[in-house]
Amino acid sequence: MVTAGSPSLNAPEYWWYTARARLLQTVLEPYAAGARRVLDVGSADGPSVGWLTASELAVAMDIDPRGLVAGGVCGSATALPFADASFDVVAAFDVIEHCAPEALALAEAARVLAPGGVFLMSVPAYQWAWTEFDEANHHHRRYTRRRAVDAVTGAGFRVERATYAFGATFPAFAADRLRRRISERRSPAPAPAPSGTEPELPQVHPVLARALLRATRVDQRLLRTRDLPFGSSVVVAARRA
C-alpha cells in the first residue's frame, strides 16, 4: 500500500482534525464503551482517538512510524500483525480509502476482532469531490454512505450506525471543491506526493478556521440523536458476527 505521510504530522492542531475528533467521539464513543482491547489503525493521522480507551490494552498502529508514540506498532492495514480475535474494538479513521484492496483491509479488521467486536470507520465522502488533494494523499476512492455500508457489510459486519459528518461546513466544502475542479481543468495536475512525504493542507485564515470549527458544533448537537443526510465524511459503526 503506497501512502503519503499524513499532513497532520506538521499541523496536528489544524481545525479539521480538532473537529473530526469531536465528531467521531460524538457518533462512535457509545459503541466502544467498556472495551478491554482496542486497536487504532492509522493512528498517526491526527488527534482523533483520545476518547478511545481500553481497560487492558490499547494499540496504536500506522504504516508511517513518525506519528506513533512510544509503544506504537508499524504495520499495514492490509496485513495486520496481530493474531485472530485479538481485539474488542478496531478503529480505522480515514484509512480504508488509502487501501487499493479495500476488501482485504476490511477482512483484516474482521479477522483481528473477537466475535461481537466493533469496527469503527470514517472515510471521505463523494466521488464528485475528488481533486488533486485526493491524488496527493494517495486516495483510491471517496464514498457515499451507501457505498461505505455495502463495503462493510460485504466484509461480514452488521452495521449499527452510518451517518455523514461535517454537514454544517458542507456548503464551504462543496464550494471549495468546485473551485478546485475548475482550477485543475485550467492547469496540469501536479504529481502525487512521493511516499512518506506530507501533502500540504488547504490554507485557511485563522478567523475562518475558528468559524468552521464553531460550525461543527451544530453537527455535534445533531449527531447525538440523529444521522445527517449529507456531509464531507462518512462515519460507520459495525459489529462482527
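This is a chat between two people about a predicted model.

Colleague: Hi! Before we start, is this structure predicted or not, and where should we look first?

Modeller: Hi! This is a predicted model. Let's begin with a helix, α5, which covers residues 170-186.

Colleague: Okay, what should the 17 residues of α5 span, and how far apart are its end C-alpha atoms?

Modeller: At 1.5 Å a residue, helix α5 should span 24 Å. Its end C-alpha atoms are 25 Å apart, so the two values agree.

Colleague: Nice. Which residues of α5 are buried?

Modeller: Phe 170, Phe 173, Arg 177 and Arg 180 are the buried ones in α5. Around the helix axis they cover an arc of only 85 degrees, so they sit on the same side of α5.

Colleague: Why would residues with such spaced-out numbers point the same way?

Modeller: An α-helix has 3.6 residues a turn, so residues three or four places apart point the same way.

Colleague: Ah, that helps! And which residues are exposed on the other side of α5?

Modeller: There you will find Pro 171, Leu 178 and Arg 186, which are exposed. As for the buried residues of α5, what covers them includes α3, residues 132-136.

Colleague: Let's try α4. Which of its residues are buried?

Modeller: In α4, Ala 148, Val 149, Ala 151 and Val 152 are buried. These cover an arc of only 165 degrees around the axis, which puts them on the same side of α4. On the other side of α4, Arg 146 and Gly 154 are exposed.

Colleague: What covers the buried residues of α4?

Modeller: The cover includes α2, β5, β6 and β7. Also, look just past the helix: α4 is followed by Gly 156, and the phi of Gly 156 is positive, near 95 degrees.

Colleague: Which residues have a positive phi although they are not glycine?

Modeller: Two to look at are His 138, with a phi of about 60 degrees, and Phe 166, with a phi of about 65 degrees. His 138 is in the loop between α3 and α4, while Phe 166 is in the loop between β6 and α5.

Colleague: Are those two buried or exposed?

Modeller: His 138 has 17% relative accessibility, so it counts as buried. Phe 166 has 2% relative accessibility, so it counts as buried too.

Colleague: What touches His 138 from elsewhere in the chain?

Modeller: One of its contacts is Glu 97. Glu 97 is in the loop between β4 and α2, and with 1% relative accessibility it counts as buried. Leaving out residues up to four places away in sequence, Glu 97 touches Ser 122, Val 123, Pro 124, His 138, His 139, His 140, Arg 141 and Tyr 143.

Colleague: How far is Glu 97 from Trp 128?

Modeller: Their C-alpha atoms are 15 Å apart in space, and the two residues are 31 residues apart in sequence.

Colleague: And what does Phe 166 touch from further along the chain?

Modeller: Ser 233 is one of its contacts. You can find Ser 233 in strand β7, and it counts as buried because its relative accessibility is 6%. Apart from neighbours within four places in sequence, Ser 233 is in contact with Trp 16, Val 123, Pro 124, Ala 125, Thr 163, Tyr 164, Ala 165 and Phe 166.

Colleague: New topic: how many cavities of 30 Å³ or more does a search of the whole structure find?

Modeller: The search finds 2. The largest cavity holds about 50 Å³ of space.

Colleague: Which residues line the largest cavity?

Modeller: Its lining is made of Val 41, Ala 77, Leu 80, Val 90, Ala 92, Ile 96, Ala 105, Ala 109 and Phe 119. The elements that give two or more residues to this lining are β4 and α2.

Colleague: How many of the lining residues are nonpolar, polar or charged?

Modeller: The lining of the largest cavity has 9 nonpolar residues, no polar ones and no charged ones.

Colleague: Great, thanks for the tour!

Definitions and conventions:
Residues are numbered from 1 along each chain as its sequence is written. This is a predicted model: local features need pLDDT of at least 70, side-chain atom pairs count only at pLDDT 80 or more; totals for chains, interfaces and linings use all residues. Side-chain values use heavy atoms; hydrogens and water are left out. Helices (H or I, at least four residues) and strands (E, at least two) are DSSP runs, numbered from the N terminus. The expected span of a helix is 1.5 Å times one less than its number of residues. Buried means under 20% relative accessible area, exposed over 50%, partly exposed in between (1.4 Å probe, protein chains only). The arc is that of the directions from the helix axis to the C-beta atoms. Contact means heavy atoms within 4.5 Å. On a 1 Å grid over the protein atoms alone, a cavity is a set of points where a 1.4 Å probe fits but cannot get out, and a pocket is an open set with protein on both sides within 12 Å along at least five of seven lines; lining residues have an atom within 4 Å of a point. Grid points are joined across faces, edges and corners, and a volume is the space filled by probe spheres set on the points. Ala, Val, Leu, Ile, Met, Phe, Trp, Tyr, Cys and Pro count as nonpolar, Asp, Glu, Lys and Arg as charged, and the others, Gly among them, as polar.
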